[in-house]
Amino acid sequence: MPVTSKAELYRKLPSVDELLQSRELAAIISSEGQAAVTDAARAVLARLRAEIAAAQLDSSDVDLALSTISSAIERQVRQSLSYSLRGVINATGVILHTNLGRAPLAAAALEHIRDTAAGYSNLEFDVETGGRGKRDVHVDRLFRKLLNQKFAGEGARATPDISTVVVNNNAAAVLLALNTLAEAGEVIVSRGELVEIGGSFRIPDVMSKSHSVLREVGTTNRTRIADYERAINENTRLLLRVHRSNFEITGFTEQPAIGELATLARKRNVPLMEDLGSGSLFDLRSVGVDSEPGVLDSLRAGVDVVSYSGDKLLGGPQAGMLSGRSDLIARMRSNSLFRALRVDKLTYAALEATLLADVKQDHEAVPALRMMRMSKGEIGKRAEAVAEKVSSSRLRAEVIDGESVIGGGAAPSAVLPTRLLAVTCEGLSAEEISARLRASDPAIVARVEEGRVLLDLRTVFPEQDRVVTGSLEKLAG
Ligand SMILES: *Cc1c(COP(=O)(O)O)cnc(C)c1O
């Protein structure tokens, strides 16, 4: 076969204009627009030129590529116009998985987002008076119901007035609180609580960004109330307790009870703040987890301000809450940083719907709470049904005991007993199986442990069991 020169091969390529005039592309131009198709045609031609330059194509390869160039352009258009952010199936059993978007929202939250976001709303408008309103009121009333009323219901001493402010996430809440309460002053923190939460949230760094000064006390494993007491001086603005969200210290350890810290804070007239991180408004003891303090537990123990996330144990949208003494919360609200950290109407809508479910104690309506409450028996039944359908001579699916993880900064020991689907397939390693599951549409994310792929249906929505079954069947096929 005569060798065709690269110059001749390049000459075979049509121009972008010629391609756009072709009849084959008329339909996609009319549905997706000239601009997108032009970009795609350029990209496909550039790819061919690069392959010719690298001497990867001979004359017949180029002819073949040109005979199917319209469909290559169409594929390119569809790919570039498809969403990058898309749903996946979470079969990891980690309920609040930060990499998978944490809490799935309740149906009522989605509806409320759609209704308020598609048109105008009373976000900052008082419909009764016609005057300007505050965006906080929509959720503050519900936080008050959830926190003040329950507080009073416990027959506690003088009921404090608890109010709540909402910002972009818990990191923002901590920044706002430190800057408001302790700018240019000292904040006392135990050395055992100088945590890093995923990537760039480190207590000492946030402290310096807030222009407050970190005053470390105690040691990594043991800090006593006397350590705090000795460190208090005329520059002390705040005592800070930080939840050890992603690690535990065991062995020879000591940490004052939160109540002791509250007593000290009262005596020395310094506010006490707790960064709870996860912070539940729902009693986790009802699902068998008693290692995790709720927002009410902290407030009842005498903490002045609690910070927590909206998309962790609350099961709502990404947000950060500061709940506590209303005089302190009012100061946060009037800090100019608040304007930069505040949330959008979509967040308020999702939060309001999530909190309403809490007020009604409708825990089944909030997916994260529903998943926590799901029994091992129920999960086991679903796993058995999938196993029965997919088991074949090549694919082995076994249902075994295991643990689901609450995640999202709840104590690492906050686990729930579950039944797992353990999958092995002849001729495929666990990594290969897991890669194939990720390549299915929608992607299925599973755990790999000890050479087996483990799927936990606790975090898979029951209507997705069918998709999981289909993907597993394909593996063995
Ligand atoms: C998760 C967490 C944060 C950060 O919260 P985001 O909502 O992710 O910003 C801060 N502190 C603690 C203790 C946490 O667990």
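This is a dialogue about the ligand site and two backbone features of a predicted model.

Trainee: Why is Asp 275 said to make a polar contact with a nitrogen atom of the ligand?

Mentor: A polar side-chain atom of Asp 275 lies 2.7 Å from that nitrogen atom. The cut-off for a pair of N or O atoms is 3.5 Å, so the pair counts as a polar contact.

Trainee: What makes the pair between Lys 312 and the ligand a polar contact?

Mentor: An N or O atom in the side chain of Lys 312 is 2.8 Å from an oxygen atom of the ligand. A polar contact needs such atoms within 3.5 Å, so this pair qualifies.

Trainee: Which part of Ala 171 is involved, backbone or side chain?

Mentor: The backbone: one of its polar atoms is 2.9 Å from an oxygen atom of the ligand. That is within 3.5 Å, so this pair is a polar contact as well.

Trainee: How much of the ligand does the protein cover?

Mentor: On its own the ligand has 380 Å² of accessible area, and the protein covers 93% of that.

Trainee: How do you know which residues are around the ligand?

Mentor: A residue counts if one of its heavy atoms lies within 4 Å of the ligand. Among those that do are Arg 102, Asn 170, Phe 201, His 243 and Ser 309. By class, this shell has three nonpolar, six polar and three charged residues.

Trainee: Why is Arg 102 counted as charged, and Phe 201 as nonpolar?

Mentor: Both belong to the shell. The classes go by residue type: Arg is listed as charged and Phe as nonpolar, so that is how they are counted.

Trainee: Where does the ligand sit?

Mentor: The ligand takes up the space of the largest pocket. About 600 Å³ of space lies in that pocket. It is lined by 28 residues, and those closest to its centre are Thr 98, Arg 102, Ile 197, Gly 198 and Lys 312.

Trainee: Which element gives the most to the lining of the largest pocket?

Mentor: β9 does, with three residues. Both α9 and β9 supply at least two residues of that lining.

Trainee: Why is Gly 198 not put with the nonpolar residues of the lining?

Mentor: Gly is counted among the polar residues in this scheme, so Gly 198 is polar here. The lining has nine nonpolar, 15 polar and four charged residues.

Trainee: What is the peptide bond from Asp 441 to Pro 442, cis or trans?

Mentor: It is cis, with omega near 0 degrees. Pro 442 lies in the loop between α19 and β14.

Trainee: What is noted about phi of Ala 55?

Mentor: Phi is near 55 degrees, a positive value in a residue other than glycine. Ala 55 lies in the loop between α4 and α5.

Notes
Residues are numbered from 1 along each chain as its sequence is written. This is a predicted model: local features need pLDDT of at least 70, side-chain atom pairs count only at pLDDT 80 or more; totals for chains, interfaces and linings use all residues. Side-chain values use heavy atoms; hydrogens and water are left out. A polar contact is a pair of N or O atoms within 3.5 Å; within protein, one must be able to donate a hydrogen and the other to accept it, and residues adjacent in sequence count only if both atoms are side-chain atoms. Accessible areas come from the Shrake-Rupley method with a 1.4 Å probe; for residues, only the protein chains shown count as cover. On a 1 Å grid over the protein atoms alone, a cavity is a set of points where a 1.4 Å probe fits but cannot get out, and a pocket is an open set with protein on both sides within 12 Å along at least five of seven lines; lining residues have an atom within 4 Å of a point. A molecule sits in a cavity or pocket if more than half of its atoms lie within 2 Å of its grid points. Grid points are joined across faces, edges and corners, and a volume is the space filled by probe spheres set on the points. Helices (H or I, at least four residues) and strands (E, at least two) are DSSP runs, numbered from the N terminus.
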